[in-house]
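Here are a few short exercises, each with a worked solution. Have a look at the model first, then try each task before reading on.

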Amino acid sequence: MEQTFIMIKPDGVQRGLVGEIIGRFEKKGFSLKGLKFLTVDQAFAEKHYADLSSKPFFNGLVEYIISGPVVAMVWEGKNVVTTGRKIIGATNPAESAPGTIRGDFAIDIGRNVIHGSDAVESARKEIGLWFPEGTANWSSSLN
Ligand code: CMP
């Protein structure tokens, strides 16, 4: 079954959006397979965002991600990568539709509350980085 990596970023944690965000994934019907609350260091954040290392905003992005605790999660379900991105909304909150997480709760692209894997292959890599010990072995009877 398909899995995706979802991270509630430091601004999402600080604004008290953890329950709201988890609720949206749960109510959609996806299964929570892994969850941890942690603060990552610079080397780890640089690894997570390695594909963006040439971008002008890379250093600021890494500083932001290490600025406070995040909630790292693995969610499972049919088409969860694509559907998860729809639940999250466009990267730039100026373009994310109302009803999406970023559309409802974010204004600035640099403080966009949440990260979700953009493809099945990046999900596999990100889950391996954040959950090297593996994820929970259970299946919902609902899907
Ligand atoms: P995320 O889904 O975590 O993937 C990469 C992140 O880079 C993205 O969300 C944004 O937070 C950040 N990002 C992308 N483009 C910009 C930009 N132009 N300026 C600042 N941050 C950006």
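**Exercise 1.** At which residue does UniProt place the feature "active site"? Find its surroundings too.

*Solution.* Before we start: this is a predicted model, where local features need pLDDT of at least 70 and side-chain atom pairs count only at pLDDT 80 or more, while totals for chains, interfaces and linings use all residues. Residues are numbered from 1 along each chain as its sequence is written, and side-chain values use heavy atoms, with hydrogens and water left out.

Step 1: the UniProt record, an unreviewed entry, puts "active site" at H115; such annotations may be inferred rather than shown by experiment.
Step 2: H115 sits in strand β4, residues 114-116 (strands are DSSP runs of E, at least two residues; helices are H or I, at least four).
Step 3: H115 has a relative accessible area of 12%, so it is buried (buried means under 20%, exposed over 50%, partly exposed in between, with a 1.4 Å probe and protein chains only).
Step 4: leaving out residues up to four places away in sequence, H115 touches several others, including H48, R102 and E126 (contact means heavy atoms within 4.5 Å).

**Exercise 2.** Which side chain of opposite charge is nearest to R102, and how far away is it?

*Solution.* Step 1: find R102 in helix α6, residues 101-105.
Step 2: the side chain you want is D11, 8.4 Å away (Lys and Arg count as positive, Asp and Glu as negative; His and the chain ends are not counted).
Step 3: R102 is buried and has no salt bridge (that takes a side-chain nitrogen of Lys or Arg within 4 Å of a carboxyl oxygen of Asp or Glu).
Step 4: the R102 side chain does reach the backbone oxygen of G89, at 3.1 Å.

**Exercise 3.** Is strand β3 mostly covered or uncovered? Work out what pairs with it.

*Solution.* Step 1: β3 spans residues 70-76, and 7 of its 7 residues are buried.
Step 2: in a regular strand, side chains alternate between the two faces of the sheet. In β3, V70, A72, V74 and E76 lie on one side and V71, M73 and W75 on the other.
Step 3: β1 (residues 3-8) runs antiparallel to β3, joined by 6 bridges, and β2 (residues 31-38) is also antiparallel to β3, with 7 bridges (strands pair if DSSP finds at least two bridges between them).
Step 4: K33 and E76 meet in a salt bridge, 3.6 Å from N to O. That pair links β2 to β3 across 43 residues.

Technical notes
Polar contact = N/O pair within 3.5 Å; in protein donor to acceptor, adjacent residues only side chain to side chain.
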